[in-house]
Structures are given as structure tokens and as C-alpha cells.
Amino acid sequence: MSDFPAPATLPRILAGLRTQRSMALDHHIEIHGALPLVAHRRRDSGALIEALERSGLRGRGGAAFPTATKIKAVIASRGRATVVANACEGEPASFKDRLLLERLPQLVIDGAVLAAQAVDAAEVFIAVDAGASLAARSIQRALRERTDASRDPARVRLVPVPRGYVSGQESAVVNYLNGGPAKPTATPPPIFRRGVNGRPTLVNNVETLAHIALIARHGAAWFRELGTQTNPGSTLVTLGGAVVDPGVFEIEVGAPLASLVNAAGGPASPLRAFLLGGYAGTWVTATAANELALGSDELGDVGASLGAGVIIALPSSACPVAEIASVGRWLSDQSAGQCGPCINGLDAIATTLAQIRAGGDPRALGRISRWASLANGRGACAHPDGVVRFIRSAIDVFEDEFADHARSGPCTACLQRQLLPTPTAGLSRAAA
């Protein structure tokens with residue numbers, strides 16, 4: 001591990017971020033130190049894997065799977081491995097991965113190269129949303145800098161992936177890299193055994209890779225100085241909606257939600273609720289959120305998680321029914337169209353949400369419950385489950401509003417501009 005001075009507190013990943021420009025290689029090394037070459041073959045990778053295991057690092061792409069366990073599964077498989085750095089941010093409300101590629105590309109590449117060394121991979125793919133042109137240019141510029149300054153042991157390639165909500169699912173990314181559409185595929189075989197070009201494949205979110213780059217430099221004990229016992233470290237969160245200064249923030253895992261809102265300048269108007277975890281996430285009332293800590297155990301107690309690190313503050317002035325109906329239709333349209341729960345179930349749910357918004361049918365809420373039960377747990381991928389969780393929790397939190405709309409139709413707030421972003425209406429983006 002590196003003896004280079006390590007930040008004991010925050011920021012860690014965002015250390016040295018001062019301007020809107022991409023951090024150059026020399027500045028990156030000045031902040032973090034040179035990349036430690038910890039392994040050249042998988043048999044030499046034990047020190048890094050042991051550090052990752054002791055650190056307790058979990059994936060930051062949404063599933064929160066233990067990073068060391070994922071690497072070990074690839075190592076245990078037959079054949080020369082491949083690494084995929086996943087930055088396909090299909091979640092419209094998330095900007096953390098794009099921030100990393102645009103502003104801190106060297107940290108992401110460091111982590112990808114270290115992961116490749118750990119699993120003895122000769123090739124790394126950085127998969128990025130095809131619409132994120134600034135991020136793509138930043139990565140390409142960073143790769144040119146490294147060609148001039150060093151010789152990374154793995155070949156690193158940038159691959160634009162077609163935009164879509166489900167395109168960032170790891171099997172969808174692998175399917176696209178194999179020449180298919182960017183749609184999730186059913187398993188078996190698992191990707192860690194047969195992924196890109198039939199090789200064992202390690203897929204990590206780019207924030208996870210950035211943490212790997214820091215743990216390799218500073219060690220597991222340093223990483224665990226922040227966070228909770230079960231979920232240590234720091235994490236990036238995109239906070240949007242009705243706050244004064246929405247953007248991407250680095251927080252200690254387990255920090256109070258109230259402290260994050262304060263870091264964003266506080267509420268821009270009175271708040272009604274928060275969405276935790278993005279469009280596959282869970283709604284909680286603003287009252288409950290006041291006492292909420294952003295750790296896995298605490299969020300689990302209210303049936304929520306940070307997911308891919310998205311939090312949206314909904315103001316009291318917004319109509320939750322109109323917002324949910326709009327996003328519900330968008331999520332239905334974003335399905336891969338590969339199974340009945342998506343093709344029929346999500347469309348039926350979205351249609352019924354529109355009927356509730358229009359009013360005059362009190363029985364519509366019962367149909368939502370029926371369709372949600374039929375779609376949940378039966379899809380070819382996790383998309384229907386996420387949509388059902390998003391909608392069910394909304395109906396629980398906004399029960400009175402949904403009942404009123406089902407009886408009486410639209411309210412005056414229904415006519416306001418949509419707050420929850422879709423590809424045609426995005427959140428403002430300001431980096432912490």
C-alpha cells in the first residue's frame with residue numbers, strides 16, 4: 001500500500017476537484033499518488049483482494065454486492081478474464097458516474113487497471129452512455145495521457161452503449177459488447193464464468209473502481225475509518241428535486257439524510273417526501289426522512305436502499321399522482337420487451353395510473369394492486385420488480401392523493417411542470 005498522504009475525512013473520491021474541467025494526469029498523481037502496480041498475474045493478486053475483502057467495499061452500481069467476492073468468482077473461472085467498467089447511467093436522475101468520467105477519469109482508469117491485474121485480464125472495456133459525449137471525450141483524453149506517461153498492463157477501450165433505462169444492467173452491457181442489443185439476458189451461465197466473448201468477465205460500476213484505486217493506495221483500515229460496520233466507506237449521491245443546490249455529493253455511508261439536504265443549501269420549498277434509490281427505489285415521507293440515516297441497515301428498516309445513489313426531494317407543491325403516472329408510463333416504455341410482465345404487466349399498470357390521474361374510477365387502485373402482484377418477481381430481469389416497488393411505495397405514501405384523484409380527477413398541481421426527470425426533462429446538474 002502507498003505511503004502517500006491519505007485524506008482521513010471527506011472528500012476522498014472528490015478530493016482535488018476544483019474546476020469544471022477534467023483532472024489531468026499530473027494533478028491526479030499530485031492528489032492521490034502514482035498507481036500502485038500490485039499484480040501482474042492472478043496468482044500475485046492476493047494482497048489487493050485481501051485489502052478489498054477487509055475493507056468491506058460493496059458495489060456502488062445498485063446491487064451492493066461485495067466487491068472482493070465478485071473478483072474471486074472471476075478468478076475461480078476458467079479462461080483469460082475481461083473487465084468491464086460500467087458507466088451506462090440509465091437512471092435519468094443520476095449523474096455520479098458521468099461526473100467521474102467527465103472530471104476524474106484517471107481515478108476510474110486506475111481502478112479498472114487494478115481490477116484487470118487482479119483477475120489477469122488483458123482487456124478492459126469502459127462502457128458509457130452513447131449520449132454522454134463529454135464523458136467519452138474526457139476518457140479518451142485521459143487514455144492518451146496514460147499512453148504518453150506509462151504502460152498499463154491491460155488494454156483499455158471506450159465503448160458507447162445505446163441509451164436506455166435497462167441498458168446499464170450488467171448482462172445488457174455484456175450482451176451489447178458481444179454484438180447483441182443492449183438488453184438484459186437470462187442466466188445461466190453467469191457472467192463471471194462466460195461474459196464478453198465467452199470469457200470470465202468482471203463488471204464493476206465506475207464508482208466501485210474509483211474506490212478500488214483508493215483502497216489499493218491507502219488500505220482497508222483507512223477505508224473503514226468512515227461509514228458503518230456493515231457498510232463502510234464513503235459513497236457518491238445525486239441529490240435532486242426541491243433543494244437549493246442539487247448535484248453530486250460525496251457522503252459518509254450512514255450520514256443523516258438531513259445533513260445531505262443541508263449540504264445542498266436546504267429545501268428550496270416545503271417538502272412532501274423523498275424518493276430513495278431512483279426509479280427502482282422507495283418513497284418515504286419528509287417527516288420520516290428527517291430521522292433517516294443513509295446506511296443499508298437504517299434504510300432497510302423502512303424498506304429502502306440507496307440503490308445507485310439517487311435521492312429526489314419532492315416539494316409539497318407537486319402533485320405526486322401526476323409525477324408517478326408520468327414516470328410509470330416512461331418506465332413501461334423503457335422495458336426490454338422480452339417477457340409478459342414487461343410487455344403486458346407494466347403497460348397495464350401505466351395505463352391504470354393514467355386513469356387514476358384522469359379520475360372517475362375509484363376501482364382503478366384495486367387494478368393497480370392486481371397488476372403489480374402479477375408483474376412482481378416474474379420478469380426476465382429485475383425491471384418489473386423495480387417499477388412495482390416504486391409505484392407501490394408511492395401509493396402507500398401518497399394514499400390520500402391517489403384516492404382523491406381516482407374519485408375526482410386532476411388537481412391544480414397536475415398542470416405544473418414535471419419535477420421527476422425523464423429523457424425529455426432532466427435535473428439540473430451541479431457537482432459538489
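**Where domain 2 meets domain 3**

The domain assignment of this protein lists domain 1 (25-224), domain 2 (234-315) and domain 3 (320-415). Keep in mind as you look around that this is a predicted model. Let's follow the meeting place of domain 2 and domain 3.

Begin with the overall layout: the centres of domain 2 and domain 3, taken over C-alpha atoms, are 23 Å apart. Their contact involves 12 residues from domain 2 and 14 residues from domain 3. Between them, domain 2 and domain 3 bury an area of about 1000 Å², and carbon and sulfur atoms account for 67% of that area. Which residues of domain 2 lose the most area to domain 3? They are R272, Y279 and W283, which together make up 60% of what the domain 2 side buries.

Now pick out R272 again, and look across to E401. The side chains of R272 and E401 form a salt bridge, with 2.8 Å from N to O. The count of salt bridges between domain 2 and domain 3 is 1. Polar contacts can be found here too: 4 residue pairs across the interface of domain 2 and domain 3, both residues of each pair being at pLDDT 80 or more.

Next, try tracing the strands. On the side of domain 2 that touches domain 3, β7 (271-276) and β8 (282-285) each provide at least two residues. The biggest contribution to that side comes from β8, with 4 residues. Finally, what kinds of residues make up the side of domain 2 that touches domain 3? There are 7 nonpolar, 4 polar and 1 charged.

Definitions and conventions:
Residues numbered from 1 in each chain as written. Predicted model: local features only at pLDDT ≥ 70, side-chain atom pairs only at ≥ 80, totals over all residues. Heavy atoms only, no water. Domains from an automatic or database assignment. Contact = heavy atoms within 4.5 Å. Buried area = accessible area lost by both parts, 1.4 Å probe. Salt bridge = Lys/Arg side-chain N within 4 Å of Asp/Glu carboxyl O. Polar contact = N/O pair within 3.5 Å; in protein donor to acceptor, adjacent residues only side chain to side chain. Nonpolar A, V, L, I, M, F, W, Y, C, P; charged D, E, K, R; others polar.
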